[in-house]
Amino acid sequence: MQFDTPLGKDESVQKEYEFSYSLILFFLKSGFWLTNKRLIARKPNVLLFIPICQDELTYPLRSIAGIKTRTEFKFLPLCVGVILLLVGFSAIRSFGFPLLLLGVANIISAFQTVIAVGSTGGGVVAYSHVPWEGTEAKKMINELNQLIADI
């Protein structure tokens, strides 16, 4: 991912990370840059599986209250996915195949792993990533916590 954010005086990029956005849209990437003064995060904005733009957020290191990874389970997409699978199997000869694909996509999207960044103001912003990048996400969080401790 291209880094094009202007840096401040005496600011330099310490580390750069890139994570896949989701299990279904694994080809879309979120980028994270750790500088000696802030965390810069860029993630894709998606509308119905179509990437439309990117959001970029900047967190000064002094205003980060905490950062962690967590696994989320969403019950509603799982239920919708199971229903679509059942309807898809029953109508496999006519219009069932697209329903099967939508059902599988919903079931997969029910499980998410995220990086959650909390600010001192109390807000939390979550960035999705695929589960097999969890080790790299924890490495980024440890390095970010080290940078915060050094200020």
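**Cysteines, salt bridges and a nonpolar surface patch**

C79 is partly exposed, with a relative accessible area of 26%. This value, like those that follow, was computed from a predicted model. C53 likewise counts as partly exposed, at a relative accessible area of 36%. When the whole structure was searched for disulfides, zero were found; a disulfide would require a pair of cysteine sulfur atoms within 2.5 Å.

Charged side chains were examined next, and the count of salt bridges comes to three. In one of these, R38 is paired with E11, and the closest N and O atoms of the two residues are 2.7 Å apart. Because R38 belongs to strand β3, which spans residues 38–47, whereas E11 lies in the segment before β1 (13–20), this pair ties together parts of the chain that are 27 residues apart in sequence. R38 has a relative accessibility of 16% and therefore counts as buried, since the term applies to residues under 20% relative accessible area. E11, at 10% relative accessibility, is also classed as buried.

Strand β3 also contributes R42, which forms a salt bridge with E56 through closest N and O atoms that are 2.7 Å apart. Here too the pair links distant parts of the chain, with R42 in strand β3 and E56 in strand β4 (residues 50–60), at a separation of 14 residues. The residues of this bridge fall into two accessibility classes: R42 counts as buried, at 5% relative accessibility, whereas E56 is partly exposed, with a relative accessible area of 35%.

A further salt bridge is formed between R70 and E72, in which the closest N and O atoms are 2.9 Å apart. For R70, the relative accessibility is 29%, so that this residue counts as partly exposed, a class that lies between the limits of 20% and 50%.

Apart from these charged pairs, the surface carries a nonpolar patch formed by L47, L48, F49, I50, I52 and L102, which together have about 640 Å² of accessible area. Among the members of this patch, F49 is found in the loop between β3 and β4, the strands in which R42 and E56 respectively lie. The relative accessibility of F49 is 46%, and this residue therefore counts as partly exposed; the value satisfies the requirement of over 30% relative accessible area that applies to residues of a patch.

Key: Residues numbered from 1 in each chain as written. Predicted model: local features only at pLDDT ≥ 70, side-chain atom pairs only at ≥ 80, totals over all residues. Heavy atoms only, no water. Salt bridge = Lys/Arg side-chain N within 4 Å of Asp/Glu carboxyl O. Helix = DSSP H or I, 4+ residues; strand = E, 2+ residues; numbered from the N terminus. Buried < 20%, exposed > 50% of the residue type's maximum accessible area, 1.4 Å probe, protein only. Patch = residues over 30% accessible without salt bridge, like charges linked within 9 Å, V, L, I, M, F, W, Y side chains within 5 Å. Areas by Shrake-Rupley, 256 points an atom, 1.4 Å probe, with all protein chains shown as cover.
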